[in-house]
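Work through the exercises below with the sequence and the coordinates at hand. Each task is followed by a worked solution.

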Amino acid sequence: MLNAFSNVSMLKRLIVVLIIGALMISGAVFAWYSFKAQKNNAPGTILPSGGTSMKVLLPKAATHFRQRDPKWGKETIGGSSETIRAVGCTLCSVAMAVSDLGHPITPSELNANMIANNGYTEQGWMIWGAVTPATDNFAEVVVRSKPDHKTLDECLKRGEIPIVKFYLPGGIPHWVAVIGKDGHEFLIKDPAVKNPKPVKLSSRAKWIHSLRYVRKR
């Protein structure tokens, strides 16, 4: 009987040791992959989550414009033959930001105003400085040379709306509006997503490649 109890006790200790060992290995593997991920990002990029832990949702961030909305999806972006449906993420994100800041404007209206103010390059890329005249001098876009979590946090605290660029599968550049934060997770409105509810940026992006933010003048 004593041997039986000893065997059971030894078996329990062995199981505990194995569990602890497995947890340590799992932790080491996770740390290694996290370190590798940090090292493999392109210069000037940051993770889609981070900065100061806080809980904020911009109170008026209710606008959600979709690129594929039939009201404007077939319209062409100024300076190119491509449609808002295909490449209008930047336009829709800026229109959402400007509208939520207090100057309601649809992607269609903003597109027309941008065209009238020479607000696109020949490739159809948005000229950020043209947003001010295109919104009747209501808003301006501040361009950051590289993204950083501190700027994102400070913008949200001030009630300004960042827009960030990341790459979709296949290397397609994509812009979204950042409208809040939950802990270390930034919350976004994505013009390519049908659901109007905010989603975590980390669910859509591996890295943030560029940062702009929209504010009242």
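## Exercise 1: a serine in a helix

Decide whether Ser99 is buried or exposed in this predicted model, and list its contacts beyond the sequence neighbours within four places.

Solution. The relative accessibility of Ser99 is 13%. Buried means under 20%, so Ser99 counts as buried. Ser99 belongs to helix α3. With neighbours within four places in sequence left aside, Ser99 contacts Thr63, Phe65, Pro104 and Ile105.

## Exercise 2: the packing of α3 and α4

Describe how α3 and α4 pack, and name the residues that meet.

Solution. Two packed helices are described by the angle between their axes and the distance between the axes. For α3 and α4 the angle is about 105° and the axes are 9 Å apart. Angles of 65 to 115 degrees count as roughly perpendicular, and α3 and α4 are therefore roughly perpendicular to each other. On the α3 side, Leu91, Cys92, Val94 and Ala95 take part; on the α4 side, Pro107, Leu110 and Asn111. Sorted by class, this contact has six nonpolar residues, one polar residue and no charged residues.

## Exercise 3: the largest nonpolar core

Which residues touch the most other members of the largest nonpolar core, and which elements each supply at least two residues?

Solution. The core has 49 residues, and those touching the most other members are Val94, Leu110, Met114, Leu152, Val164 and Leu201. Elements that each supply at least two residues include the helices α3, α4, α5 and α6 and the strands β2, β3, β4 and β6. For Met114, contacts beyond four places in sequence are Gly119, Tyr120, Met126, Ile127, Ala130, Val131 and Ala134.

Conventions. Residues are numbered from 1 along each chain as its sequence is written. This is a predicted model: local features need pLDDT of at least 70, side-chain atom pairs count only at pLDDT 80 or more; totals for chains, interfaces and linings use all residues. Side-chain values use heavy atoms; hydrogens and water are left out. A nonpolar core is a set of buried Ala, Val, Leu, Ile, Met, Phe, Trp, Tyr and Cys residues joined through side-chain atoms within 4.5 Å. Buried means under 20% relative accessible area, exposed over 50%, partly exposed in between (1.4 Å probe, protein chains only). Helices (H or I, at least four residues) and strands (E, at least two) are DSSP runs, numbered from the N terminus. Contact means heavy atoms within 4.5 Å. Axes are lines fitted to C-alpha atoms, for helices over the stretch in contact, and angles run from 0 to 180 degrees between N-to-C directions. Angles under 35 degrees count as roughly parallel, over 145 as roughly antiparallel, 65 to 115 as roughly perpendicular and the rest as oblique. Ala, Val, Leu, Ile, Met, Phe, Trp, Tyr, Cys and Pro count as nonpolar, Asp, Glu, Lys and Arg as charged, and the others, Gly among them, as polar.
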